[in-house]
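Biologist: Could you walk me through this structure? I'd like to learn how to read a few of its features.

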Amino acid sequence: VVVRGWSNQGLRDELYIQLCRQTTENFRYDSLERGWELMAICLAFFPPTPRFHTYLEGYIYRHMDPLNDTKGVAISSYAKYCYRKLMKAALTGAKKGLQKPSLEEIHHARNAIFSPSMFGSSLEEVMALQKERYPDRQLPWVQTRLSEEVLGLNGDQTEGIFRVPGDIDEVNALKLQVDQWKIPTGLEDPHIPASLLKLWYRELEDPLIPHEFYEECISSYDNPEAAVNVVLGLPHINKLVLCYLIRFLQVTHSQ
């Protein structure tokens, strides 16, 4: 179902219509849960068309209240996850790449419903995810690990680093590894970890520099002192992550 929806845009709205029907007044609770699970998995790979977006958004939103939870089916949890994925998919579109979604990626999307991913989460969530494994780390493991991979493959000597995209299917495969806390092996092209690192920054649920600082950033673009004040005013974790990024860009672009 996921592969069909991903590869055939014309089927997407029909698929989401059927999932809405499947999850409306369905008193077979195992079937109800599977309907919501399939909707969550599909939204991890492709959005509906803009024409159907508003209806699906309203449908999901109405189910986000925990009062909807019934007979042990956590409908509100599925709905909250679906809502976030729908908002994101509307901005980024369907999963990129020539290769159709793999079984491994689909299993990963299914697990991510109740075990958040390091991609598409907030910085606070990313830090909470790694607290058990790396309680003493001040920075996100995914950020430092991928930055080290870029440097380890001589990314600082590579022309077009962060500008030239890595092979999207290899980037997707690396994303899967990193999200399972595996240290990447066998990488040869620095553009692969660089592209994934860029994706991680871009997919943060809230921007690294939050929206409320936007106007100040625009008006302070040519004033170093004001720019420093913006950075000093950021939440603690945002400040650390941004300063690490700035230092990393200084290293990779000093050649």
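**Reading helices and cysteines**

Modeller: Sure. Keep in mind that this is a predicted model.

Biologist: Which residues does the UniProt annotation "domain: MyTH4" cover?

Modeller: According to that unreviewed entry, the annotation covers residues 1-110. In the model this span is 65% helix and 0% strand, and its end C-alpha atoms lie 14 Å apart.

Biologist: How do I read two packed helices?

Modeller: Two packed helices are described by the angle between their axes and the distance between the axes. Take α3 (residues 29-43) and α5 (residues 75-92): their axes come within 9 Å and cross at roughly 20°. Angles under 35 degrees count as roughly parallel, so α3 is roughly parallel to α5. The crossing of these two helices is left-handed.

Biologist: Which residues in α3 and α5 meet?

Modeller: On the α3 side they include L32, W36, M39 and L43, and on the α5 side they include I75, Y78, C82 and L86.

Biologist: How many disulfides does the structure hold?

Modeller: Zero. A disulfide needs a pair of cysteine sulfur atoms within 2.5 Å.

Biologist: Why is there no bond for C20?

Modeller: Because the closest cysteine sulfur, in C82, is 9.6 Å from the sulfur of C20, which is too far. That C82 is one of the α5 residues in the contact with α3.

Biologist: And C243, how far is its sulfur from the closest cysteine sulfur?

Modeller: The distance is 13 Å, to C217, so that's too far for a bond as well.

Biologist: Which of C20 and C243 is buried, and which is partly exposed?

Modeller: C20 is buried, with a relative accessible area of 5%, whereas C243 is partly exposed, at 40%.

Technical notes: Residues numbered from 1 in each chain as written. Predicted model: local features only at pLDDT ≥ 70, side-chain atom pairs only at ≥ 80, totals over all residues. Heavy atoms only, no water. Buried < 20%, exposed > 50% of the residue type's maximum accessible area, 1.4 Å probe, protein only. UniProt positions renumbered as here; feature names shortened; annotations may be inferred. Helix = DSSP H or I, 4+ residues; strand = E, 2+ residues; numbered from the N terminus. Axes fitted to C-alpha atoms, helices over the stretch in contact; angles between N-to-C directions. Parallel < 35°, antiparallel > 145°, perpendicular 65-115°, else oblique. Left-handed = near helix turned anticlockwise from the far one by under 90°. Contact = heavy atoms within 4.5 Å.
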